Amino acid sequence: MEKVKVAVDAMGGDNAPLEIVKGAVEAAKESAAVEVYLVGKKEVVEAELAKYEYPKERVVIVDASEVIETAEPPVIAIRQKKDSSLVKALEMVRTGECDAYVSAGSTGATLVGGQVIVGRLKGVERPPLAPLIPTENGPALLIDCGANVDARPSMLLQFAKMGSIYMENICGIKNPRVGIVNIGAEEEKGNQLVKETFPLLKNCPDINFIGSVEARDIPLGVADVIVCEAFTGNIILKMYEGVAGTLLKQIKSGLMSCTRGKIGGLLVKPVLKETLKQFDLEEYGGAPLLGLNGLVVKTHGSSKAVEIKNSVLQCVTFKEQRINEKIKEKLSVQD
(Lines give C-alpha, C1' and ligand atoms only; values in the text may rest on other atoms or scores of the structure.)
Protein backbone atom coordinates (compact mmCIF):
# COMPACT_ATOMS: atom_id res chain seq x y z
CA MET A 1 0.00 0.00 0.00
CA GLU A 2 1.37 3.41 -0.99
CA LYS A 3 1.47 5.69 2.02
CA VAL A 4 0.04 9.20 1.95
CA LYS A 5 2.63 11.41 3.64
CA VAL A 6 1.21 14.34 5.59
CA ALA A 7 3.33 17.14 7.09
CA VAL A 8 1.57 18.46 10.19
CA ASP A 9 2.48 21.84 11.70
CA ALA A 10 2.77 20.63 15.29
CA MET A 11 3.30 24.14 16.70
CA GLY A 12 0.41 25.91 14.94
CA GLY A 13 -2.89 26.75 16.62
CA ASP A 14 -4.31 27.74 20.00
CA ASN A 15 -4.06 24.18 21.33
CA ALA A 16 -0.64 23.25 19.96
CA PRO A 17 1.13 20.99 20.44
CA LEU A 18 -1.19 18.95 22.71
CA GLU A 19 -4.25 18.61 20.46
CA ILE A 20 -2.23 18.65 17.23
CA VAL A 21 -0.06 15.71 18.24
CA LYS A 22 -3.03 13.82 19.66
CA GLY A 23 -5.03 14.25 16.44
CA ALA A 24 -2.09 13.21 14.26
CA VAL A 25 -1.53 10.07 16.35
CA GLU A 26 -5.23 9.18 16.16
CA ALA A 27 -5.14 9.54 12.37
CA ALA A 28 -2.10 7.26 12.08
CA LYS A 29 -3.76 4.67 14.30
CA GLU A 30 -7.04 4.83 12.37
CA SER A 31 -5.58 4.52 8.86
CA ALA A 32 -2.64 2.37 7.81
CA ALA A 33 -2.40 4.51 4.65
CA VAL A 34 -1.20 7.55 6.64
CA GLU A 35 2.39 8.52 7.37
CA VAL A 36 2.55 11.60 9.58
CA TYR A 37 5.49 14.00 9.84
CA LEU A 38 5.13 16.17 12.94
CA VAL A 39 7.08 19.36 12.25
CA GLY A 40 8.03 21.38 15.33
CA LYS A 41 10.38 21.75 18.26
CA LYS A 42 11.72 18.24 18.69
CA GLU A 43 11.84 18.10 22.49
CA VAL A 44 8.32 19.53 22.79
CA VAL A 45 6.83 17.13 20.25
CA GLU A 46 8.67 14.16 21.80
CA ALA A 47 7.21 15.01 25.21
CA GLU A 48 3.69 14.96 23.76
CA LEU A 49 4.23 11.75 21.79
CA ALA A 50 5.44 10.02 24.96
CA LYS A 51 1.84 10.10 26.22
CA TYR A 52 0.60 7.74 23.49
CA GLU A 53 0.98 4.32 21.98
CA TYR A 54 1.31 4.73 18.23
CA PRO A 55 2.83 3.13 15.11
CA LYS A 56 6.35 4.56 15.42
CA GLU A 57 7.28 3.69 11.84
CA ARG A 58 4.48 5.99 10.58
CA VAL A 59 4.85 8.95 12.94
CA VAL A 60 8.06 10.92 12.36
CA ILE A 61 9.34 14.08 14.07
CA VAL A 62 10.93 16.81 11.94
CA ASP A 63 12.76 19.39 14.04
CA ALA A 64 11.92 23.07 13.50
CA SER A 65 13.29 25.68 15.89
CA GLU A 66 10.93 28.57 15.12
CA VAL A 67 7.18 29.26 15.31
CA ILE A 68 5.15 31.73 13.22
CA GLU A 69 2.60 33.38 15.48
CA THR A 70 -0.88 34.34 14.30
CA ALA A 71 -0.33 38.09 14.72
CA GLU A 72 2.86 38.20 12.62
CA PRO A 73 2.74 39.73 9.10
CA PRO A 74 2.60 36.62 6.87
CA VAL A 75 5.03 37.64 4.11
CA ILE A 76 7.68 38.91 6.52
CA ALA A 77 7.31 35.89 8.80
CA ILE A 78 7.76 33.43 5.93
CA ARG A 79 10.86 35.28 4.69
CA GLN A 80 12.49 35.60 8.10
CA LYS A 81 11.52 32.34 9.79
CA LYS A 82 12.87 29.73 7.39
CA ASP A 83 13.21 27.21 10.23
CA SER A 84 9.61 27.60 11.43
CA SER A 85 7.33 24.58 11.61
CA LEU A 86 4.97 26.18 9.06
CA VAL A 87 7.63 26.93 6.44
CA LYS A 88 9.47 23.61 6.84
CA ALA A 89 6.22 21.64 6.53
CA LEU A 90 5.25 23.53 3.36
CA GLU A 91 8.75 22.97 1.94
CA MET A 92 8.27 19.23 2.43
CA VAL A 93 5.21 19.42 0.17
CA ARG A 94 7.04 21.56 -2.40
CA THR A 95 9.90 19.08 -2.68
CA GLY A 96 7.55 16.09 -2.88
CA GLU A 97 8.78 14.63 0.39
CA CYS A 98 5.17 14.91 1.59
CA ASP A 99 1.86 14.85 -0.29
CA ALA A 100 -0.03 17.22 1.98
CA TYR A 101 0.23 19.82 4.74
CA VAL A 102 -2.14 20.36 7.68
CA SER A 103 -2.03 23.34 10.05
CA ALA A 104 -4.16 25.10 12.65
CA GLY A 105 -1.64 27.96 12.67
CA SER A 106 -1.61 31.38 11.01
CA THR A 107 -4.19 31.51 8.21
CA GLY A 108 -2.40 34.37 6.47
CA ALA A 109 0.98 32.62 6.52
CA THR A 110 -0.59 29.36 5.32
CA LEU A 111 -2.33 31.11 2.40
CA VAL A 112 0.79 33.04 1.41
CA GLY A 113 3.05 30.03 1.92
CA GLY A 114 0.75 27.80 -0.07
CA GLN A 115 1.08 30.04 -3.11
CA VAL A 116 4.72 31.15 -2.70
CA ILE A 117 6.28 27.90 -1.46
CA VAL A 118 4.05 25.09 -2.78
CA GLY A 119 2.94 27.06 -5.85
CA ARG A 120 -0.19 27.06 -8.01
CA LEU A 121 -1.08 24.50 -10.63
CA LYS A 122 -0.42 25.89 -14.09
CA GLY A 123 -3.50 27.77 -15.32
CA VAL A 124 -5.05 28.30 -11.88
CA GLU A 125 -5.61 32.04 -11.34
CA ARG A 126 -6.00 31.93 -7.55
CA PRO A 127 -6.39 29.03 -5.10
CA PRO A 128 -9.62 29.25 -3.05
CA LEU A 129 -10.03 28.13 0.55
CA ALA A 130 -12.94 25.69 0.56
CA PRO A 131 -14.40 24.25 3.78
CA LEU A 132 -17.27 21.79 3.97
CA ILE A 133 -20.22 23.17 5.91
CA PRO A 134 -23.22 21.22 7.27
CA THR A 135 -26.70 21.43 5.72
CA GLU A 136 -29.97 19.49 5.99
CA ASN A 137 -28.90 17.35 3.02
CA GLY A 138 -25.33 16.69 4.10
CA PRO A 139 -22.17 18.75 3.60
CA ALA A 140 -21.81 21.54 1.06
CA LEU A 141 -18.60 23.20 -0.13
CA LEU A 142 -18.22 26.92 0.55
CA ILE A 143 -15.74 28.29 -1.98
CA ASP A 144 -14.04 30.77 -1.28
CA CYS A 145 -14.11 31.49 2.46
CA GLY A 146 -10.88 33.37 3.09
CA ALA A 147 -8.21 33.41 0.39
CA ASN A 148 -9.40 35.92 -2.25
CA VAL A 149 -11.31 38.93 -0.97
CA ASP A 150 -11.09 40.68 -4.34
CA ALA A 151 -11.96 38.15 -7.03
CA ARG A 152 -12.70 38.35 -10.75
CA PRO A 153 -15.52 36.54 -12.59
CA SER A 154 -13.04 34.18 -14.27
CA MET A 155 -11.73 33.19 -10.85
CA LEU A 156 -15.21 32.37 -9.56
CA LEU A 157 -15.77 30.21 -12.64
CA GLN A 158 -12.62 28.25 -11.78
CA PHE A 159 -13.80 27.97 -8.17
CA ALA A 160 -17.04 26.40 -9.40
CA LYS A 161 -15.17 23.86 -11.55
CA MET A 162 -12.71 22.92 -8.80
CA GLY A 163 -15.50 22.74 -6.22
CA SER A 164 -17.52 20.41 -8.44
CA ILE A 165 -14.55 18.07 -8.81
CA TYR A 166 -13.99 18.07 -5.05
CA MET A 167 -17.61 17.32 -4.16
CA GLU A 168 -17.98 14.59 -6.78
CA ASN A 169 -14.81 12.76 -5.78
CA ILE A 170 -14.47 13.45 -2.05
CA CYS A 171 -18.15 13.43 -1.04
CA GLY A 172 -19.45 11.14 -3.80
CA ILE A 173 -22.08 13.59 -5.07
CA LYS A 174 -22.71 13.01 -8.75
CA ASN A 175 -23.28 16.12 -10.84
CA PRO A 176 -23.13 18.46 -7.80
CA ARG A 177 -25.42 21.49 -7.86
CA VAL A 178 -23.54 24.79 -8.09
CA GLY A 179 -25.03 28.05 -6.84
CA ILE A 180 -23.66 31.58 -6.57
CA VAL A 181 -24.35 33.56 -3.38
CA ASN A 182 -26.68 36.46 -4.12
CA ILE A 183 -29.19 38.80 -2.47
CA GLY A 184 -32.08 37.39 -4.48
CA ALA A 185 -33.01 34.59 -6.84
CA GLU A 186 -33.40 36.80 -9.91
CA GLU A 187 -30.59 36.76 -12.45
CA GLU A 188 -30.42 40.55 -12.70
CA LYS A 189 -29.79 41.01 -8.95
CA GLY A 190 -26.45 41.28 -7.18
CA ASN A 191 -23.31 43.39 -7.23
CA GLN A 192 -21.13 43.84 -10.32
CA LEU A 193 -19.06 40.72 -9.62
CA VAL A 194 -22.13 38.48 -9.31
CA LYS A 195 -23.79 39.98 -12.41
CA GLU A 196 -20.66 39.38 -14.49
CA THR A 197 -20.05 35.89 -13.13
CA PHE A 198 -23.63 34.62 -13.49
CA PRO A 199 -23.59 34.19 -17.30
CA LEU A 200 -20.17 32.50 -17.17
CA LEU A 201 -21.52 29.90 -14.76
CA LYS A 202 -24.81 29.58 -16.65
CA ASN A 203 -23.05 28.85 -19.94
CA CYS A 204 -20.38 26.51 -18.55
CA PRO A 205 -21.00 22.90 -19.69
CA ASP A 206 -18.65 21.48 -17.03
CA ILE A 207 -20.87 22.31 -14.05
CA ASN A 208 -24.47 21.85 -12.93
CA PHE A 209 -25.36 25.50 -12.30
CA ILE A 210 -28.68 26.09 -10.53
CA GLY A 211 -28.52 29.89 -10.28
CA SER A 212 -28.47 32.27 -7.33
CA VAL A 213 -28.56 31.08 -3.72
CA GLU A 214 -29.63 33.31 -0.85
CA ALA A 215 -27.83 32.94 2.48
CA ARG A 216 -30.95 31.69 4.29
CA ASP A 217 -31.22 28.78 1.85
CA ILE A 218 -27.66 27.53 2.33
CA PRO A 219 -28.44 25.54 5.54
CA LEU A 220 -31.36 23.90 3.69
CA GLY A 221 -28.91 22.23 1.34
CA VAL A 222 -30.17 23.76 -1.92
CA ALA A 223 -26.66 23.64 -3.44
CA ASP A 224 -23.63 21.36 -3.09
CA VAL A 225 -21.08 23.95 -4.19
CA ILE A 226 -21.60 27.51 -2.96
CA VAL A 227 -19.57 30.01 -4.97
CA CYS A 228 -18.56 33.46 -3.71
CA GLU A 229 -15.49 35.65 -3.11
CA ALA A 230 -13.72 35.35 0.22
CA PHE A 231 -15.25 38.42 1.90
CA THR A 232 -18.78 37.04 1.55
CA GLY A 233 -17.70 33.48 2.21
CA ASN A 234 -15.91 34.33 5.44
CA ILE A 235 -18.96 36.19 6.75
CA ILE A 236 -21.17 33.17 5.95
CA LEU A 237 -18.75 30.78 7.66
CA LYS A 238 -18.35 32.91 10.81
CA MET A 239 -22.12 33.44 11.05
CA TYR A 240 -22.61 29.68 10.72
CA GLU A 241 -20.18 29.06 13.57
CA GLY A 242 -21.66 31.77 15.78
CA VAL A 243 -25.29 30.71 15.33
CA ALA A 244 -24.42 27.02 15.87
CA GLY A 245 -22.58 27.81 19.11
CA THR A 246 -25.35 30.08 20.39
CA LEU A 247 -28.12 27.57 19.62
CA LEU A 248 -26.23 24.76 21.34
CA LYS A 249 -25.67 26.95 24.40
CA GLN A 250 -29.35 27.94 24.55
CA ILE A 251 -30.54 24.32 24.13
CA LYS A 252 -28.31 23.20 27.02
CA SER A 253 -29.42 26.12 29.15
CA GLY A 254 -33.10 25.38 28.50
CA LEU A 255 -32.75 21.68 29.30
CA MET A 256 -30.95 22.38 32.56
CA SER A 257 -33.29 25.14 33.72
CA CYS A 258 -35.77 22.86 35.53
CA THR A 259 -36.30 19.27 36.65
CA ARG A 260 -38.66 18.51 33.75
CA GLY A 261 -36.07 19.83 31.31
CA LYS A 262 -33.35 17.66 32.85
CA ILE A 263 -35.50 14.54 32.60
CA GLY A 264 -36.43 15.39 29.01
CA GLY A 265 -32.79 16.06 28.26
CA LEU A 266 -31.81 12.57 29.39
CA LEU A 267 -34.47 11.06 27.12
CA VAL A 268 -33.50 13.00 24.01
CA LYS A 269 -29.73 13.04 24.63
CA PRO A 270 -28.79 10.12 22.30
CA VAL A 271 -30.83 11.49 19.36
CA LEU A 272 -29.80 15.09 20.03
CA LYS A 273 -26.12 14.13 20.22
CA GLU A 274 -26.26 12.35 16.87
CA THR A 275 -28.14 15.25 15.23
CA LEU A 276 -25.75 17.89 16.57
CA LYS A 277 -22.78 15.83 15.40
CA GLN A 278 -23.97 16.30 11.81
CA PHE A 279 -23.74 20.08 12.31
CA ASP A 280 -20.35 20.02 14.04
CA LEU A 281 -17.79 21.66 11.71
CA GLU A 282 -14.96 19.69 13.36
CA GLU A 283 -16.37 16.48 11.90
CA TYR A 284 -15.65 17.70 8.36
CA GLY A 285 -11.93 18.31 8.81
CA GLY A 286 -10.14 21.40 7.55
CA ALA A 287 -10.49 23.64 4.52
CA PRO A 288 -8.32 22.66 1.52
CA LEU A 289 -6.60 25.37 -0.49
CA LEU A 290 -7.49 24.04 -3.94
CA GLY A 291 -5.44 24.48 -7.10
CA LEU A 292 -1.92 24.09 -5.65
CA ASN A 293 0.86 21.69 -6.68
CA GLY A 294 0.25 19.81 -3.44
CA LEU A 295 -2.54 19.69 -0.88
CA VAL A 296 -2.63 22.42 1.79
CA VAL A 297 -5.32 22.08 4.49
CA LYS A 298 -6.10 24.86 6.98
CA THR A 299 -8.00 23.96 10.13
CA HIS A 300 -9.53 26.26 12.75
CA GLY A 301 -7.06 27.98 15.07
CA SER A 302 -8.95 26.46 17.99
CA SER A 303 -8.89 22.96 16.49
CA LYS A 304 -9.06 20.00 18.84
CA ALA A 305 -7.70 16.53 18.10
CA VAL A 306 -10.81 15.36 16.22
CA GLU A 307 -10.51 18.10 13.59
CA ILE A 308 -6.77 17.47 13.15
CA LYS A 309 -7.43 13.74 12.78
CA ASN A 310 -10.17 14.28 10.21
CA SER A 311 -8.02 16.79 8.32
CA VAL A 312 -5.17 14.28 8.04
CA LEU A 313 -7.55 11.55 6.92
CA GLN A 314 -9.11 13.76 4.24
CA CYS A 315 -5.62 14.09 2.73
CA VAL A 316 -5.71 10.34 2.05
CA THR A 317 -8.97 10.61 0.09
CA PHE A 318 -7.67 13.66 -1.78
CA LYS A 319 -4.58 11.74 -2.93
CA GLU A 320 -6.41 8.49 -3.69
CA GLN A 321 -9.01 10.31 -5.78
CA ARG A 322 -6.34 12.19 -7.75
CA ILE A 323 -8.03 15.55 -7.16
CA ASN A 324 -5.15 17.64 -8.49
CA GLU A 325 -4.92 15.59 -11.67
CA LYS A 326 -8.66 15.98 -12.23
CA ILE A 327 -8.47 19.73 -11.64
CA LYS A 328 -5.75 19.97 -14.30
CA GLU A 329 -7.86 17.95 -16.72
CA LYS A 330 -11.01 20.00 -16.09
CA LEU A 331 -9.18 23.30 -16.51
CA SER A 332 -7.40 21.96 -19.59
CA VAL A 333 -4.08 22.61 -17.93
CA GLN A 334 -1.00 21.11 -19.57
CA ASP A 335 2.45 20.90 -17.95
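Q: How many aromatic pairs does a search of the whole structure find?
A: Two turn up in this predicted model.

Q: Why is the pair of Tyr 166 and Phe 318 called tilted?
A: The ring centres of Tyr 166 and Phe 318 are 6.4 Å apart, and the cut-off for a pair is 6.5 Å, so they count. Their planes make an angle of 50°. Stacked needs under 30 degrees and edge-to-face over 60, so tilted is the label that remains.

Q: What makes this pair a tie between parts of the chain?
A: Tyr 166 belongs to helix 6 and Phe 318 to helix 10 (residues 305-320), so the pair links parts that lie 152 residues apart in sequence. Both Tyr 166 and Phe 318 are buried.

Q: Why is the pair of Phe 198 and Phe 209 called edge-to-face?
A: Here the planes stand at 80°, and the label asks for over 60, so it fits. The centres of Phe 198 and Phe 209 are 5.1 Å apart, and a pair must lie within 6.5 Å. Phe 198 sits in helix 7 (residues 192-202) and Phe 209 in strand 8 (residues 208-213), so this pair joins parts eleven residues apart in sequence. Both Phe 198 and Phe 209 are buried.

Q: How do you know that the charged end of Lys 56 counts as close enough to the ring of Tyr 54 to sit over it?
A: The charged end of Lys 56 is 4.6 Å from the centre of the Tyr 54 ring, and the cut-off is 6 Å.

Q: Which residues have the most contacts inside the largest nonpolar core?
A: Among them are Val 8, Val 36, Leu 38 and Val 312, in a core of 62 residues. Helix 6 (residues 153-170) gives the most to this core, with nine residues. A separate second core has 38 residues, including Ala 77 and Leu 292. As a general point, nonpolar side chains in soluble globular proteins tend to be buried together.

Q: What makes strand 3 and strand 10 edges of the open sheet?
A: The six strands run in the order 3-2-1-4-11-10, with mixed pairing. Strand 3 (59-63) and strand 10 (287-288) each have a single partner strand, so one side of each has no neighbour in the sheet.

Q: How do you know that strand 4 and strand 11 pair?
A: Pairing takes at least two bridges, and four join strand 4 (residues 100-103) to strand 11 (residues 295-298), so they pair. The two strands run parallel. Ser 103, for one, has Lys 298 of strand 11 as its bridge partner. Helix 5 (residues 107-118) lies across both strands, at about 175° to strand 11.

Terms used. Residues numbered from 1 in each chain as written. Predicted model: local features only at pLDDT ≥ 70, side-chain atom pairs only at ≥ 80, totals over all residues. Heavy atoms only, no water. Core = buried A, V, L, I, M, F, W, Y, C linked by side-chain atoms within 4.5 Å. Buried < 20%, exposed > 50% of the residue type's maximum accessible area, 1.4 Å probe, protein only. Phe/Tyr/Trp six-rings, centres within 6.5 Å; stacked < 30°, edge-to-face > 60°. Lys NZ or Arg CZ within 6 Å of the ring centre and 35° of its normal. Contact = heavy atoms within 4.5 Å. Axes fitted to C-alpha atoms, helices over the stretch in contact; angles between N-to-C directions.
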